[in-house]
Amino acid sequence: MFAAVLLLVTGCLAIFQGIAAIANDDVYARIGHYVFEFDLTAWGWIHLIVGIIVVLTGVGLFAGSNVARGAGIALAGISVILNFMWLPYQPWWSIIIIAIDVFIIWALCTSWTHATD
């Protein structure tokens with residue numbers, strides 16, 4: 001339940017983050033030079049698409065799907081990587097989302113029980 005709620009929250013935040021980057025390129029300012037210099041509109045679409053998939057995965061976790069559990073672990077890992085690459089635009093925000101993603105991975109991995117038949 002904890003991971004499902006966190007997935008819904010981070011997915012919604014990623015959607016809002018993506019919409020803000022798509023709507024106006026002046027919302028985020030890059031701090032210094034960085035290896036991963038993408039256009040802000042491209043970053044906006046990346047965050048929007050990943051956010052939608054993360055929200056759908058959170059809904060799947062509420063339904064009790066083991067596929068959603070595996071997808072949640074994978075998507076939280078992808079989110080960690082994406083937010084690491086997003087550091088030059090929003091450093092504090094990225095660090096907070098990375099920490100939440102680590103909690104999601106921990107919650108999904110520690111609560112996974114295997115049924116023995």
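These are legends for a handful of close-up views of a predicted model.

**View 1. The whole chain: a run of four helices.** Start with the overview, which shows 4 helices and 0 strands. Read from the N terminus, the order of elements is simply α-α-α-α. Of the protein's 117 residues, 38% count as buried. If you take the contacts between residues at least 6 apart in sequence, 72% of them join residues at least 24 apart.

**View 2. Helix α3 and what packs over it.** This view follows α3, which covers residues 66-85. Its 20 residues reach 29 Å from first C-alpha to last, close to the 28 Å expected at 1.5 Å a residue. The buried positions here are A68, R69, G72, L75, A76, S79, L82, N83 and M85. What sits over them? The cover includes α1 (2-23), α2 (40-62) and α4 (91-110). As background for reading a list like that, residues three or four places apart on an α-helix point the same way, because there are 3.6 residues a turn. At the start of the helix, look for S65: one of its side-chain oxygens comes to within 3.2 Å of the backbone nitrogen of V67.

**View 3. Helix α4, seen with its neighbours.** Like the view before, this one is about a single helix and its surroundings. α4 has 20 residues and spans 29 Å from its first C-alpha to its last, close to the 28 Å expected at 1.5 Å a residue. Buried in α4 are S94, I97, I98, I100, D101, I104, A107 and L108. The cover over those residues includes α1, α2 and α3.

**View 4. N83 and V80, two α3 residues that touch α4.** Both residues belong to α3: N83 has its place there, and V80 is found there too. Which of the two terms, buried or partly exposed, fits V80? V80 counts as partly exposed because its relative accessibility is 21%, and the cut-off for buried is under 20%. N83 has a relative accessibility of 3%, so it counts as buried. Leaving out residues up to four places away in sequence, N83 touches H47, S94, I97, I98 and D101. On the same basis, V80 touches I98 and D101. V80 and D101 are 21 residues apart in sequence, yet their C-alpha atoms are 6.4 Å apart in space.

**View 5. Q17, a buried glutamine in α1.** Q17 has its place in helix α1. Its relative accessibility is 5%, which means that Q17 counts as buried. For a sense of distance, take I46, which is 29 residues from Q17 along the chain; the two C-alpha atoms are separated by 10.0 Å.

**View 6. The enclosed cavity.** Rolling a probe the size of a water molecule over the atoms shows where empty space is left. How many cavities of 30 Å³ or more turn up in a search of the whole structure? The search finds 1. The volume of the largest cavity is about 130 Å³. Its lining is made of 18 residues, and those nearest its centre are T10, A14, S79, N83 and I97. N83, met above as a buried residue of α3, turns up again here among the residues nearest the centre. Each of α1, α2, α3 and α4 supplies at least two lining residues, with the largest share, 6 residues, coming from α1. Sorted by class, the lining has 10 nonpolar, 7 polar and 1 charged residues.

**View 7. The largest pocket.** The last view turns to open space. About 150 Å³ lies in the largest pocket. Its lining consists of M1, F2, A3, A4, L61, G64, S65, R69, A107, L108 and S111. The elements giving two or more residues to that lining are α1 and α4, and α1 gives the most, with 3 residues. By class, the lining divides into 7 nonpolar, 3 polar and 1 charged. Some of these names have come up already: R69 is one of the buried residues of α3, while A107 and L108 are among the buried residues of α4. S65 is familiar as well, from its side-chain oxygen at the start of α3.

Methods: Residues numbered from 1 in each chain as written. Predicted model: local features only at pLDDT ≥ 70, side-chain atom pairs only at ≥ 80, totals over all residues. Heavy atoms only, no water. Expected span 1.5 Å × (residues − 1). Buried < 20%, exposed > 50% of the residue type's maximum accessible area, 1.4 Å probe, protein only. Contact = heavy atoms within 4.5 Å. Polar contact = N/O pair within 3.5 Å; in protein donor to acceptor, adjacent residues only side chain to side chain. 1 Å grid on protein atoms, 1.4 Å probe; cavity = no way out; pocket = protein on both sides within 12 Å on 5 of 7 lines; lining within 4 Å. Points joined across faces, edges and corners; volume = space filled by probe spheres on them. Nonpolar A, V, L, I, M, F, W, Y, C, P; charged D, E, K, R; others polar.
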